[in-house]
Amino acid sequence: MARIKYYYDTETCKYERIKTRTSDVISNLLGFLAVAFLIALAIVPVYNSYFKSSREAALHKENEELRLYYTMLSKEMKQANDMLASLQDRDDNVYRVIFEAEPVASSVRSAGVGGSERYKDLLEKGLDQEEMILDAFKKVDKLKKQMYVQTKSYDDILKFAKNKAHMWASIPAVQPVSNKELKRLASGYGMRIHPIYKVKRMHTGIDFSATRGTPIYATGDGVVTIVRSNLGGYGKEVQIDHGYGYITLYAHMENFNVKAGQKIKRGECIGYVGSTGSSTAPHLHYEVIHNGSKVNPVHFFFNELTPGEYEKILEMASVENQSMS
Ligand SMILES: [Zn+2]
């Protein structure tokens, strides 16, 4: 409802009603609209620029953070790559050397994803986010493939190690009779005076003096190949094939505790000390044969002796005394 306005007429001394003309109303309205429009024109850009820039700033900040995280991620991945390289190096140059195996081919190592140089410079080029993410995924993918190859390689090494463990269990490595006080070694390997012929002869084993019936132990895992009795020579004799070119021989036994073809473990009793065959007193004549040659058994007592004890037994074995045959 339009308000009715009055004015004071000094001539008539009355309040007269103001008559508003339509043209005045229209011009007032236009004026108002014009001012409103101008104000809007001024406010909108200020409003826009203020809010837009704060959104941009937020995005910019987020971008910076992403870039920072990416840089950190890249560093982490580089560290993981370096660690992997060190594992590969140890694999090729330590484990595979110990187990006499060929190194893993570099083409297998790179797992068909190209060399490590491929992604090297990507970070420094100022990448778009998509490229950065793609790059990160590619790197992780490559790392996973290489890790897989490395794991497979360790599987191989485990197999080698298991074989090696089998080899260590098989090679003769202890004394064939209990000899903790180290007094039983009566005669060593080398030129010795024969007890019967009284001339110097090659003594191809070690003699352990022991009372009749003393247990004789297998010095390594293997298979009993020979169980035989001779009136002269070695008397009652056992031979064990340990594989890897090693055979041990036990002579002048009183009784056998094994049969030919029997599988045997180190430390199992194979028979008892006696004086059968060409022998002057109860003793065990023990030989180690490697690739067909009789070698000095004293070098094969490394499993149970301290360096001091080994020194002592070496000394005893080197005395050029009379053998017990
Ligand atoms: Zn002997």
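These questions and answers look at how terms apply to one predicted model.

Me: What should I know before reading the values?
Reply: This is a predicted model, where local features need pLDDT of at least 70, side-chain atom pairs count only at pLDDT 80 or more, and totals for chains, interfaces and linings use all residues. Residues are numbered from 1 along each chain as its sequence is written, and side-chain values use heavy atoms, with hydrogens and water left out.

Me: How many helices and strands does the chain have, and what makes a run count as one?
Reply: The chain has four helices and 14 strands. Both are DSSP runs, numbered from the N terminus: helices are H or I with at least four residues, strands are E with at least two.

Me: How do you know whether the chain matches a compact globule?
Reply: Set its radius of gyration, taken over C-alpha atoms, against the globule rule: 2.2 Å times the number of residues to the power 0.38. For 325 residues the rule gives a value near 20 Å, but the chain has 49 Å. The C-alpha atoms fill a box of roughly 175 × 40 × 35 Å along the principal axes.

Me: Why is Glu287 called buried or exposed?
Reply: Buried means under 20% relative accessible area, exposed over 50%, and partly exposed in between (1.4 Å probe, protein chains only). Glu287 has 0% relative accessibility, so Glu287 counts as buried. Glu287 lies in strand β13, residues 283–290. Across the whole chain, buried residues make up 31% of the 325 residues.

Me: What makes a pair with Glu287 a polar contact?
Reply: A polar contact is a pair of N or O atoms within 3.5 Å; within protein, one must be able to donate a hydrogen and the other to accept it, and residues adjacent in sequence count only if both atoms are side-chain atoms. The side chains of Glu287 and Tyr234 make one at 2.4 Å. The side chains of Glu287 and Lys294 are joined by another, at 3.0 Å.

Me: Which other residues are in contact with Glu287?
Reply: Contact means heavy atoms within 4.5 Å. Leaving aside neighbours within four places in sequence, the partners of Glu287 include Thr204, Gly205, Ile247 and Pro297.

Me: Why is His283 called buried or exposed?
Reply: His283 has a relative accessible area of 0%, so His283 is buried. His283 is placed in strand β13. The side chain of His283 makes a polar contact with the side chain of Ser279 at 3.3 Å. That of His283 also reaches the backbone oxygen of Ala281 at 3.0 Å. Beyond four places in sequence, the contacts of His283 include His252 and Ser325.

Me: Is His252 buried or exposed?
Reply: The relative accessible area of His252 is 1%, so His252 is buried. His252 lies in strand β10, residues 246–256. The side chain of His252 reaches two backbone oxygens: that of Thr276 at 2.8 Å and that of Ser325 at 3.5 Å.

Me: What is notable about the phi of Lys198?
Reply: Phi of Lys198 is near 55°, a positive value in a residue other than glycine. Most residues other than glycine have a negative phi. Lys198 is in the loop between β4 (190–193) and β5 (200–203).

Me: Why is Lys198 called buried or exposed?
Reply: Lys198 has 52% relative accessibility, so Lys198 counts as exposed.

Me: What about Asn291: buried or exposed?
Reply: With a relative accessible area of 58%, Asn291 is exposed. Asn291 sits in the loop between β13 and β14 (293–295). Phi of Asn291 is positive, near 50°.
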